[in-house]
Structures are given as C-alpha cells and as structure tokens.
Amino acid sequence: MDVTHTQDSNDSCTIDRLAKEHGVTFRLVNLLGSGSIRGALDVKNLALMIRNADYAVRGGFNGMILRFRTPRASVIAYRSGKFIVIGAKSPAVADLVIQKFQDILQKSGAPHELVSFKIHNFCAACDLKFRKIAYKDASAQYEPELFPGLIYRMLVPKCTMLVFISGKIVITGFQKIEDGEQALCNIFPVLCKFRIQREECSSCSDSADDESEAIL
C-alpha cells in the first residue's frame, strides 16, 4: 500500500481536525540546525571559562559542547566558528538558544556576530490514541530483533516514521513543520485500517484485514 497515494484524498485533513475528532496529538520534540559565527573560536579556552560547557576531542570530533537548562538544548561549537543546535523543541526556542550563545560569547570576549543559521530537520512525537495496531505493509520495514517498532519511509512529504504497537509514532527527517503535520494526516487513515482495537472512526475502516498480523 502506497501511503503517498492517499494524499489527494486527505487535502482537507489538518492536525487541528485530527485532534478535535480523534484526540490525536502532534508535538515537536527536537530539531537540528546549523549556523556560523563570524570569526574563529578558541573553543578549548572557552570551555574552561563557560559554565556547563565541555571541550571534547574524540573520534575526529574537536569542539565545545554547551548545554542550556532553560530552554533545554545544546550547542556544539567548532574552532571555525560553525555550530550546531540540537534539542530545541521549536524554531523560536532555537532562536533563543542562539541569542544566549551569542551573549555568552560576547561576555567571554570572543567573536559573536551571527552569519547564518538554518534548520535542517525536525523530530515530532505523535499519539493516535489507539490500543493496538496490526500493521503489515510491503513498503515498511519491521525487524523486532533489531528494533521494536515498524520503520516506514514516506516519499511525499519526505520523512521517516517509527510506528509502535501502542499507536505512538515518531516522525523524523522533515524540513518543515507543515510537512510533519501532512505526513501524520497521510498515515492516519492507513493506520486506522490496521487497528486491533475496534473504535469509532468516521474517516476510515474499523476492521483490520484478515491477512494482517500483529507485527509490531
């Protein structure tokens, strides 16, 4: 079954509608972004000066890891001035972390002018409020010996989904928040069809195929 073929029939589907009608939740839990500061950074000495910062050299990695508690996120900075932001749960939080990073650099007497910053991908956690799912699909990968969830790679929008028997989903690799929401709208009617627990669902089938097996 090709989930991408269901997109045309789900144009009216929105996260707000799924939440209102089915109790589905969608929340961002992480993002990955990178940027650069104008000028070289003495990351080794900065790590000694800055609180909650560590300097690490291992396996080709040579940089400073700066951990923020509020908001909870981390910045990995390199000598070249390039840095990575991980752990932020929204673009607004990422902007706040970068501003704090710049303030710390300025107080330390280091270069702090921001040249660029770009978010590369997001990660979201979803809950379909299902009891169980029996999902069998030739385009999905399920190897319980290696990983307890089903791995589904969606082409449009491009992302990877980790589907668990509880009805919880992790969506990774999408570059826009709208893409993550659309991916959930695309997969929702398909997973409804493979529910083990029969519940009322007006937009999809209430029974699983006889050939489907509980593979999650």
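Helix α3 comprises the 17 residues 91-107, for which a rise of 1.5 Å a residue predicts a span of 24 Å, the expected span being 1.5 Å times one less than the number of residues; the C-alpha atoms at its ends are 25 Å apart, in agreement with that expectation. Here helices (H or I, at least four residues) and strands (E, at least two) are DSSP runs numbered from the N terminus. The structure is a predicted model, in which local features need pLDDT of at least 70 and side-chain atom pairs count only at pLDDT 80 or more, whereas totals for chains, interfaces and linings use all residues. Residues are numbered from 1 along each chain as its sequence is written, and side-chain values use heavy atoms, with hydrogens and water left out.

The buried residues of α3 are Ala94, Val97, Ile98, Phe101, Gln102 and Leu105, where buried denotes under 20% relative accessible area, exposed over 50%, and partly exposed the range in between (1.4 Å probe, protein chains only). These residues cover an arc of only 140° around the axis, and therefore lie on the same side of α3; the arc is taken from the directions that lead from the helix axis to the C-beta atoms. Ala92 and Lys107, on the other side of α3, are exposed. The cover over the buried residues of α3 includes β1 (25-37), α2 (43-49), β3 (61-68), β4 (73-78), β5 (82-86) and β6 (114-127), contact being defined as heavy atoms within 4.5 Å. Just after the helix, glycine 109 adopts a positive phi of about 80°.

Overall, the protein contains four helices and ten strands, which run α-β-α-β-β-β-β-α-β-β-β-β-β-α from the N terminus on. Of its 216 residues, 42% are buried, and among contacts with a separation of 6 or more, 64% are between residues 24 or more positions apart.

The ten strands form an open sheet in the order β2-β3-β4-β5-β1-β6-β10-β9-β8-β7, with antiparallel pairing; two strands are taken to pair if DSSP finds at least two bridges between them. The edges are occupied by β2 (53-58) and β7, each of which has a single partner strand, so that one side of each is left without a neighbour in the sheet. At one of these edges, β7 and β8 pair in the antiparallel sense over two bridges, with glutamine 141 bridged to isoleucine 151 in β8. Helix α3 packs on the sheet, where it touches β1, β3, β4, β5 and β6, and its direction makes about 110° with that of β3; axes are lines fitted to C-alpha atoms, for helices over the stretch in contact, and angles run from 0 to 180 degrees between N-to-C directions. Helix α4 (residues 177-193) also packs on the sheet, touching β1, β6, β8, β9 and β10, with its direction at about 140° to that of β10. Strands β2 and β3 pair in the antiparallel sense over six bridges, and alanine 53 has leucine 66 of β3 as its bridge partner. In the hairpin of β2 and β3, which has two residues between the strands, glycine 59 takes a positive phi near 55°.

Aromatic pairs were assigned where the ring centres of Phe, Tyr or Trp (its six-membered ring) lie within 6.5 Å, with planes under 30 degrees apart counted as stacked, over 60 as edge-to-face and the rest as tilted; the count by this rule is five. Phenylalanine 83 and phenylalanine 101 form a tilted pair, at 5.4 Å centre to centre and 55° between the planes. This pair links distant parts of the chain, since phenylalanine 83 belongs to strand β5 and phenylalanine 101 to helix α3, 18 residues apart, and both phenylalanine 83 and phenylalanine 101 are buried. A further pair is formed by phenylalanine 147 and phenylalanine 164, whose ring centres are 5.8 Å apart and whose planes stand at 55°, so this pair is likewise tilted. Phenylalanine 147 lies in the loop between β7 (140-141) and β8 (150-154), and phenylalanine 164 in the loop between β9 (159-163) and β10 (168-174), so the pair ties together parts that are 17 residues apart in sequence. Phenylalanine 147 counts as partly exposed at 28% relative accessibility, as does phenylalanine 164 at 24%. Phe83, Phe101 and Phe117 form one aromatic cluster.
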